Amino acid sequence: MSEDPTEARLAAGPPLRAWQRRALTKYLTQKPRDFLAVATPGAGKTTFGLRVARELLDDRTVEQITVVAPTEHLKHQWAEAAARVGISLDSRFSNAAGQTSSDYHGVVITYAQIAAHPSRHRVRTENRRTLVILDEIHHGGDAKSWGEAIREAFDDATRRLALTGTPFRSDDSPIPFVTYEPEPGGNQRSKADHTYGYANALKDGVVRPVVFLAYSGQASWRTSAGEEFTARLGEPLSAEHTARAWRTALDPHGDWIPAVLAAAHTRLGQLRKSGVPDAGGLVIATDQTTARDYAELLESITGKHPTVVLSDDPKASSRIAEFSASDDEWMVAVRMVSEGVDVPRLAVGVYATSSSTPLFFAQAIGRFVRSRRPGETASVFLPSVPVLLDLASQMETERDHVLGKPHRESDGLDDALLIDANKQKDEPGEEERGFQSLHADAELDQVIFDGSSFGTATFAGSAEEEDYLGLPGLLDADQVRALLRKRQDEQVTTRSAPAPAPASTEPGRVGTGENLHALRRELNTLVAMHHQRTGKPHGLVHNELRSRLGGPPTALATADQLKERISALREWR
């Protein structure tokens, strides 16, 4: 019986993961001109793309390869990966030169390079049979001119292979060379030729389980009009107050971010001691100014200066490569490390940025999911604001790009207010000149894993927080889930036990601070238990108590107000 030729070709090359093998079989069998492969970050899209390139070069379907990447750093990363499988790509190709050595199989360029001179790339594509690999193809819709330039440059390509881990956008800019199908209501939805989502990749052990540690706390700020506001991160707030509280928490001169950085460093140390000795951490900052400030905070916490990567630094790519090859602990960056950058040892993240779109969030979390060996887990620390908690809970949701979707703003994922709240300090408006962050304390609000919430609210630095920061470094998904349930049950049991009588009952005297702390702790325990019964978020329960009984946030409440809330909550069902 003769062997299937496609199977023979698959067996002849380097070993492939199961999803790559299925996608390649489909590709070689169907021989499509356009093919969209959607695979979760860390699953191996680059490996799949280069295997397709190798096959098409070997059977002379194409004569040259053009890879299009979002950033300069990714250009060099693609070229290095291609060299390992015998494909030579020129990652230093320039529009000015317009050509490269015949020793290369092709070039790697950025979307910006194409937009700057699409006709030059069209000529290159027309002159020789070309496979175009469009990495993170959703960038093709970043601007009307970009989409038009990509179509002009590659309309005559022999083959086009589009790759992405996030096949969606928050606008109606169509993604070039992607098929859209009509759906009820008149919208159009993007259609992938092969999809491999996070849920399947986690089941196959291709990616790591990600544990999200969400930190809330009281945030206080003063507006340009002199008004002072206090709000708790995670409580239902107006969009403006959410943005202001979020900004206050991320202020490097406040108390929230140092506490969260210290907790993240404790977690990193635990991973390094318990099975992942080279584990690295990444802080994703909103802008360059805060990135530098966070680096100073980390240095004061760890005693070591972290690697700092800024987008306008000509040495940014080399800094990332050096960090990846080292066993240094921390790197701080703005947006450029959020997508496609391959630093497999990253295992702890701090999401210290104001960006709230599903696209950016998915790309950022994608930096931590790449699996190297069985049992490695990732931990990401983030502010306890509803939009991020929702995105963290929907890690396994597969999204498509929908054109014509009405009322996008109703998704609650518009960054406009957050961008306004985080304007560059060298471009202050009247409001920004007067805005002042006053204070924000940090409190571990909940732990999110596999769409479920675990834990009881506890102050940063507490023994309860330490329970979660001290999770073993090597656990599979089932073990993570079981251990989180066990930790939560233990905490609820401990907190439900009667509190010892205070040493002094004289009001306003010795023991007042200790008494307030005990009452807050008891209230938070009851809130957590109510959350377990009803599914209501902790912040919503606190907010309902305040609505019914009045009074300030928990951190500012008197002992009598706290007792009243405790008494009321005990009667709720």
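Here is a short walk through a predicted model, from a pair of helices to a ring pair and then to the cavities.

Let's start close to the beginning of the numbering, with two helices. Two packed helices are described by the angle between their axes and by how far apart those axes lie. Here the partners are helix α2, covering residues 18-30, and helix α3, covering residues 45-58. Their axes sit 10 Å apart and make an angle of about 35°, and the crossing of α2 and α3 is right-handed. So who does the touching? On the α2 side, look for Trp19, Gln20, Ala23, Leu24, Tyr27 and Leu28. From α3 come Lys45, Thr47, Phe48, Arg51, Val52, Glu55 and Leu56. Sort the residues of this contact by class and you get 8 nonpolar, 2 polar and 3 charged.

Now stay with Trp19 for a moment. The structure holds 9 aromatic pairs, and Trp19 with Tyr196 is a stacked one, because the ring centres are 5.5 Å apart and the planes meet at 15°. This pair ties together distant parts of the chain: Trp19 belongs to helix α2, while Tyr196 is in strand β9 (residues 194-196), 177 residues apart.

Last stop: the empty space. Rolling a probe the size of a water molecule over the atoms shows where such space is left. There are 3 cavities of 30 Å³ or more in the structure, and the largest has a volume of about 60 Å³. Its lining includes Val211, Leu213, Arg267, Thr377 and Ser379, along with Tyr468, Pro472 and Val480. By class, the lining of this largest cavity has 8 nonpolar residues, 2 polar ones and 1 charged.

Methods
Residues are numbered from 1 along each chain as its sequence is written. This is a predicted model: local features need pLDDT of at least 70, side-chain atom pairs count only at pLDDT 80 or more; totals for chains, interfaces and linings use all residues. Side-chain values use heavy atoms; hydrogens and water are left out. Axes are lines fitted to C-alpha atoms, for helices over the stretch in contact, and angles run from 0 to 180 degrees between N-to-C directions. Helices (H or I, at least four residues) and strands (E, at least two) are DSSP runs, numbered from the N terminus. A crossing is left-handed if the near helix is turned anticlockwise from the far one by less than a right angle, and right-handed if clockwise. Contact means heavy atoms within 4.5 Å. Ala, Val, Leu, Ile, Met, Phe, Trp, Tyr, Cys and Pro count as nonpolar, Asp, Glu, Lys and Arg as charged, and the others, Gly among them, as polar. On a 1 Å grid over the protein atoms alone, a cavity is a set of points where a 1.4 Å probe fits but cannot get out, and a pocket is an open set with protein on both sides within 12 Å along at least five of seven lines; lining residues have an atom within 4 Å of a point. Grid points are joined across faces, edges and corners, and a volume is the space filled by probe spheres set on the points. Rings of Phe, Tyr and Trp (its six-membered ring) pair if their centres lie within 6.5 Å; planes under 30 degrees apart count as stacked, over 60 as edge-to-face and the rest as tilted.
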